[in-house]
Amino acid sequence: MDNSQTPYADVNIVSARKLSSEKQDRWLFKDISFSIKPGQIFHIQGANGSGKTTLLRILCGLTRSDSGQVMWGDNPIDKQHDQYHTQISYVGHTDGIKQDLTVEENLHVAAVLAQGKQQNNHASNKLANLDATLKQVGLYKKKLTFAHALSAGQRRRLALARCLLSDTSIWILDEPLTALDSQGVALVEELLETHTQRKGIAIVTSHQTLNISGAHYEVLNLS
Amino acid sequence: MNVFITILKRDLILAIRHRAELLNPMLFFVLVIVLFQLGLRAKPEVLVDFAPAIVWIAALLSALLSLDHMFRSDMEDGALEQMIISTQATSLLVLAKIIAHWIITGLAVTLVGPLLGMMLGLSFDATKILFLTLLIGTPVLSAIGSIGVALTVGLRRGGVILSLLVLPLFVPVLIFASQTVTTYIAGYPIAASISFLIALLVLSLSLAPWATAAALRVSVS
C-alpha cells in the first residue's frame with residue numbers, strides 16, 4: 001500500500017504572510033501570519049461567518065486573498081501552482097461527490113484525478129487500492145451503492161477516502177467531523193495521527209476539539 | 001489520456017442516469033422544427049429554401065438549452081474545485097466535458113437533423129450535406145458554449161447573460177452551415193464553406209478548452 005507509515009517524499013513548511021480577505025466591505029481577517037511545519041495540525045477556529053472556509057480556500061489556491069501571500073517552502077504558491085497542487089487534498093463544504101455515481105465510481109474518478117499527485121509512480125497502485133481505502137474508511141460494503149443513498153456521515157467518509165487515495169502531504173479539511181458518529185470521529189483522528197507521524201500537514205476547521213496524541217497542535221482563532 | 005477518458009465516461013454515465021436531461025434538448029429540437037412546419041404552412045418549394053436555416057436555428061437553440069448543465073452541477077457539488085486542484089491539466093478535463101456534451105446533445109441532433117430536413121422537403125443529397133454541416137458545426141457550438149458557461153457558472157442566474165454572450169458567437173456557424181446547404185441546393189460548389197466550418201471546428205476545439213479552464217478558475221474563486 002502506498003499510504004503506509006513511510007514519511008511523505010516532499011514535505012515543506014506552509015506559511016501565510018499578512019493574509020487579508022474582505023467580503024462585502026467587511027474584513028473577514030486582516031494581516032494574519034502563521035507558519036505550519038511538517039507533522040503539525042493547524043486547527044482554525046472561529047464563529048460562523050468568521051472566514052474559516054475562505055482562509056482554507058486561500059490556502060488551497062482556489063481563492064485569492066485581498067493582500068498577503070501563502071508560501072510553500074520559500075516561494076509563493078501562485079508561482080508554483082502545479083507543484084503545490086500535487087501536495088494538497090481538499091475536502092470542502094461541498095464534498096465533490098456525484099450523487100448519481102456509486103461509491104466506487106466516485107472514488108475511481110478521484111483516483112484518476114489524483115494520478116499526478118505525490119508519488120505518481122504509484123498511480124496504478126492507487127486504482128488497485130480502491131478496495132483497501134474503502135475498507136479503511138468503513139465503506140467497503142457500500143461500494144456499489146449510489147452516493148445519493150449514503151448518509152451525511154458516510155459521504156464525509158467517502159470524501160476523506162480521497163485524501164488517503166491521493167497520498168498527499170497537505171490535507172486541508174473543512175469541518176471533517178460534521179455528521180460523523182463517534183466511530184467516524186475516531187477514524188478521522190486516527191487518520192490524522194498517522195498523517196502527522198508521516199510528517200504531513202493537516203489544516204482543519206472544526207468546532208469540536210480533536211484528540212490526537214503525539215501531534216504538534218496549533219490553534220488559530222479567527223474570532 | 002486516461003483522465004480524458006475517465007471524465008468523458010463519467011459525464012456520459014451521469015447523462016444516461018439523468019435521462020430527462022438527455023432527452024430535453026432532443027425533444028426541443030424536434031418540436032421546434034415540427035412547429036415551424038406547422039406554423040409556416042408554406043408551399044413545399046418555399047419550405048425547402050428555409051429548411052437548412054430552420055434545422056440549424058433549432059440545433060443552435062437546443063445546444064443553448066443544454067449548455068448550462070455542462071458545469072452547473074459540478075460547481076454546486078464541489079466536483080469542479082476538485083478538478084481544478086487536481087494536477088491534471090484543467091483544459092484536458094474541459095475538452096473531455098465538451099466532447100461529452102457534444103455526444104449527449106450534438107450527436108443526437110446530427111443524427112436526427114437530416115431526417116427532419118427530409119420532412120421539410122430537402123432532397124436526399126441535400127440532406128447528406130446538412131448531415132455533414134451538423135457533424136462539423138455542432139461540436140463548435142459545444143466548444144464555444146463552454147466558454148460562456150464557464151464565465152457565468154458562478155452567477156446565480158447566469159442564463160440570460162449566457163445567451164447574450166454565446167449567441168453572437170454562434171452566428172458565424174449558423175451562417176456558414178445553413179449557407180453551405182443552400183449553396184449546394186443552388187448547384188454551386190461548397191468546398192470553401194465546408195473548409196471554413198472545419199477551420200472553425202479546429203480553432204474552437206483547440207482554443208476553447210484553454211479559455212474555458214481560465215474562466216472556470218475565475219468562477220470558482
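This passage describes the two largest pockets of a predicted model and the setting of one helical residue. In this predicted model, local features need pLDDT of at least 70 and side-chain atom pairs count only at pLDDT 80 or more, whereas totals for chains, interfaces and linings use all residues. Residues are numbered from 1 along each chain as its sequence is written, chains are lettered from A in the order in which they are written, and side-chain values use heavy atoms, with hydrogens and water left out.

The largest pocket (an open set of points on a 1 Å grid over the protein atoms alone, where a 1.4 Å probe fits, with protein on both sides within 12 Å along at least five of seven lines) has a volume, taken as the space filled by probe spheres set on the points, of about 560 Å³. Its lining (residues with an atom within 4 Å of a point) comprises 28 residues, with A:Gly61, A:Leu62, A:Arg64, A:His81 and B:Arg217 nearest the centre. Two or more lining residues come from each of β4 (67–72) and α2 (81–85) of chain A and α6 (90–119) and α9 (191–220) of chain B, helices (H or I, at least four residues) and strands (E, at least two) being DSSP runs.

The second largest pocket, with a volume of about 420 Å³, is lined by 22 residues, among them B:Leu14, B:Glu21 and B:His69. Helix α6 of chain B, which supplies at least two residues of this lining, also holds B:Ile103. B:Ile103 is partly exposed (between 20% and 50% relative accessible area, 1.4 Å probe, protein chains only), at 29%. Beyond its neighbours within four places in sequence, B:Ile103 is in contact (heavy atoms within 4.5 Å) with B:Leu8, B:Leu12 and B:Ala108.
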